[in-house]
Amino acid sequence: LDRTVLEAAAVVGDEFDPHLVAAVALLSVSDVLASLDRLAELDLVRAAATGPRLQHRHPLLRLAVYRQVDPNGRLAAHRRAWGLLAAQGAPAPVVARHVACAAAVGDRAAVDLLLAAAAATEVTSPARCAHWLAVALELLPQRSDVDERVRMLIMYAKALVLAGQLLSARAVLDEVRLLLPADDWERRASVTAARAMVERLLGRFDPARSILLAELAEQRRIPAELLFELALSGAPEDSAHWAERAVAAARELGDPARTAASLAVFALHDLVLGRWSSGTRDLVREAVALIDALTDWQLVHQLDACVWVGWCELSLDRFVDAARHLERGLALSR
């Protein structure tokens with residue numbers, strides 16, 4: 001009995017509710033509580049820090065027990081946990097753990113729940129978001145709607161970038177570029193900018209610039225995201241004009257966060273080249289005013305604006321202001 005309860009608890013997760021363990025183990029709550037008391041005496045389970053829950057003594061202990069559960073029994077246990085949590089209206093990320101371990105290919109409800117879990121964790125836990133999306137993509141049948149697969153892949157690539165998994169993100173973005181229709185100009189521009197950004201973050205500036213220029217030559221308009229990446233993907237003396245165009249494009253879009261980032265990058269070209277002027281200071285002043293007027297939620301979607309503005313302020317010996325903006329960026333990223 002105690003082994004059955006411990007295995008059910010391992011299926012439920014690192015922290016667990018005895019009532020859910022009872023449902024997963026197909027046992028009465030009283031039997032499970034008595035068993036958990038015995039397991040606690042052996043220091044295999046302990047009281048959790050969050051509420052009236054329990055936890056395994058160590059995650060590795062839970063993993064060792066989990067791996068010893070019979071595969072068929074483990075699948076059935078995850079299905080029971082999935083059904084019970086869904087019936088209780090548990091948050092999608094809580095249910096998703098069991099869905100990922102028990103869903104079959106083509107299960108539309110499972111895909112939708114994983115997408116909801118990914119959306120809920122996109123900003124707060126991008127690595128987990130990427131995991132849910134990877135599983136959802138595996139569950140999609142091969143003949144699924146191409147547009148839906150593209151949307152999921154774009155979200156997946158973004159999550160991978162935010163999680164720092166740049167090589168994986170690059171492979172996913174390459175797949176997206178192959179799937180996108182030739183006339184889907186807006187998404188092509190966005191995906192190309194993201195692809196170039198990955199190359200830039202990997203220190204591959206020449207490939208990044210080549211990708212951007214090739215896409216720019218085919219675009220019917222001049223997308224702001226391509227101009228912004230071009231301003232960052234070359235030497236200052238070569239990229240200043242791209243930065244100036246990026247500022248104009250961001251202003252035309254009416255996007256204050258992108259405008260602030262573009263202004264700061266434009267100013268940085270002057271600062272790096274040592275050609276400061278009153279105009280350079282005006283650029284920085286405008287970028288600072290825009291950033292300071294943004295809410296945290298607005299700024300978190302263009303978080304690098306804090307970096308570029310902070311760098312400008314450091315170059316201008318405005319150390320207190322630089323610390324304020326960089327610390328805000330760090331706080332938001334955390």
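**Exercise 1.** Does Leu26 count as buried or exposed, and at what relative accessibility?

*Solution.* The model is predicted.
- Step 1: Place the residue. Leu26 sits in the loop that joins α2 (18-25) to α3 (29-41).
- Step 2: Apply the cut-off. A residue is exposed when its relative accessible area is over 50%. Leu26 has 63% relative accessibility and therefore counts as exposed.
- Step 3: Check the backbone. Most residues other than glycine have a negative phi. Leu26 is not a glycine, yet its phi is positive, at about 60°.

**Exercise 2.** Describe the backbone, location and exposure of Asp317.

*Solution.*
- Step 1: The phi of Asp317 is positive, about 65°, although the residue is not a glycine.
- Step 2: Asp317 belongs to the loop between α18 (304-315) and α19 (319-333).
- Step 3: With 54% relative accessibility, Asp317 counts as exposed.

**Exercise 3.** How many disulfides are there? Work through Cys129 and Cys312.

*Solution.*
- Step 1: Set the criterion. Two cysteine sulfur atoms must lie within 2.5 Å to count as a disulfide. By this rule the count is zero.
- Step 2: Take Cys129. Its nearest cysteine sulfur belongs to Cys101 and is 17 Å away, and Cys129 is in no disulfide. Cys129 is buried, its relative accessible area being 0%.
- Step 3: Take Cys312. The closest cysteine sulfur to that of Cys312 is in Cys306, at 12 Å, so the two are too far apart for a bond. Cys312 has 1% relative accessibility and counts as buried.

Notes. Residues numbered from 1 in each chain as written. Predicted model: local features only at pLDDT ≥ 70, side-chain atom pairs only at ≥ 80, totals over all residues. Heavy atoms only, no water. Helix = DSSP H or I, 4+ residues; strand = E, 2+ residues; numbered from the N terminus. Buried < 20%, exposed > 50% of the residue type's maximum accessible area, 1.4 Å probe, protein only.
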